[in-house]
Amino acid sequence: MTTQNTQTPALALAAQGSHFWVLTLELPGRAAMTQSGAYTPPAGMTRNDVYLALRQHVTADHPEMARATTMFFALEPNQL
């Protein structure tokens with residue numbers, strides 16, 4: 001049986017998020033973590049706004065990392 005993907009590229013992008021992000025946090029000598037995902041920022045958000053929102057999202061699930069140092073942050077358009 002064959003199934004056909006009827007999503008247009010624009011719809012697929014919207015379903016996945018317009019941007020792909022990676023964030024690595026570290027508590028030196030104790031712990032490090034990397035998380036990633038797709039995100040569509042609201043209109044008018046800056047890169048810094050997105051960073052702060054994603055860091056808050058990650059640390060809400062891992063409160064022990066709230067005081068961690070950001071070792072890496074990337075935010076790129078989610079397209080090839």
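**E76.** I looked up E76 first and found it in strand β3 (helices, H or I of at least four residues, and strands, E of at least two, are DSSP runs numbered from the N terminus). The model is predicted, so local features need pLDDT of at least 70 and side-chain atom pairs count only at pLDDT 80 or more, while totals for chains, interfaces and linings use all residues. Residues are numbered from 1 along each chain as its sequence is written, and side-chain values use heavy atoms, leaving out hydrogens and water.

Is E76 buried or exposed? E76 counts as partly exposed, because its relative accessibility is 46% (buried is under 20% relative accessible area, exposed over 50%, partly exposed in between, with a 1.4 Å probe and protein chains only). Leaving aside neighbours within four places in sequence, I list S18, H19 and F20 as its contacts (contact means heavy atoms within 4.5 Å). From E76 to A38 I read 9.6 Å, C-alpha to C-alpha, for residues 38 apart in sequence.

**F72.** F72 is also placed in strand β3. At 43% relative accessibility, F72 counts as partly exposed. Beyond four places in sequence, F72 is in contact with V22, L23 and T24. The C-alpha atoms of F72 and V22 are 7.5 Å apart, with their positions 50 residues apart in sequence.

**T24.** I followed the contact to T24, which lies in strand β1. T24 is buried, with a relative accessible area of 16%. Not counting residues up to four places away, T24 touches M33, T34, T69, T70, M71 and F72.

**Whole chain.** I noted 2 helices and 3 strands, in the order α-β-β-α-β from the N terminus. Of the 80 residues, 26% are buried. Among contacts between residues at least 6 apart in sequence, 53% join residues at least 24 apart.

**Core.** Which residues have the most contacts inside the largest nonpolar core? They are W21, L23, L25, V58, M65 and F73, in a core of 13 residues (a nonpolar core is a set of buried Ala, Val, Leu, Ile, Met, Phe, Trp, Tyr and Cys residues joined through side-chain atoms within 4.5 Å). Two or more residues of this core come from each of β1 (19-27), α2 (47-61) and β3 (69-77). In soluble globular proteins, nonpolar side chains tend to be buried together. For M65 I list L25, E26, L27, A31, A32, M33, R55 and T59 as residues touched, again without those up to four places away.

**Aromatic pair.** My search of the whole structure gave 1 aromatic pair. The rings of Y51 and F73 have centres 5.2 Å apart and planes at 65°, so the pair is edge-to-face (Phe, Tyr and Trp rings, the six-membered one for Trp, pair with centres within 6.5 Å; planes under 30 degrees apart are stacked, over 60 edge-to-face, the rest tilted). Y51 lies in helix α2 and F73 in strand β3, so the pair ties together parts 22 residues apart in sequence. Both Y51 and F73 are buried.

**R55.** I found R55 in helix α2. R55 is buried yet has no salt bridge (a side-chain nitrogen of Lys or Arg within 4 Å of a carboxyl oxygen of Asp or Glu). The nearest side chain of opposite charge is E26, 11 Å away (Lys and Arg count as positive, Asp and Glu as negative; His and the chain ends are not counted). A polar atom of the R55 side chain lies 3.2 Å from the backbone oxygen of A66. Among the residues that R55 touches, beyond four places in sequence, are L23, L25, M65 and A66.

Methods: Polar contact = N/O pair within 3.5 Å; in protein donor to acceptor, adjacent residues only side chain to side chain.
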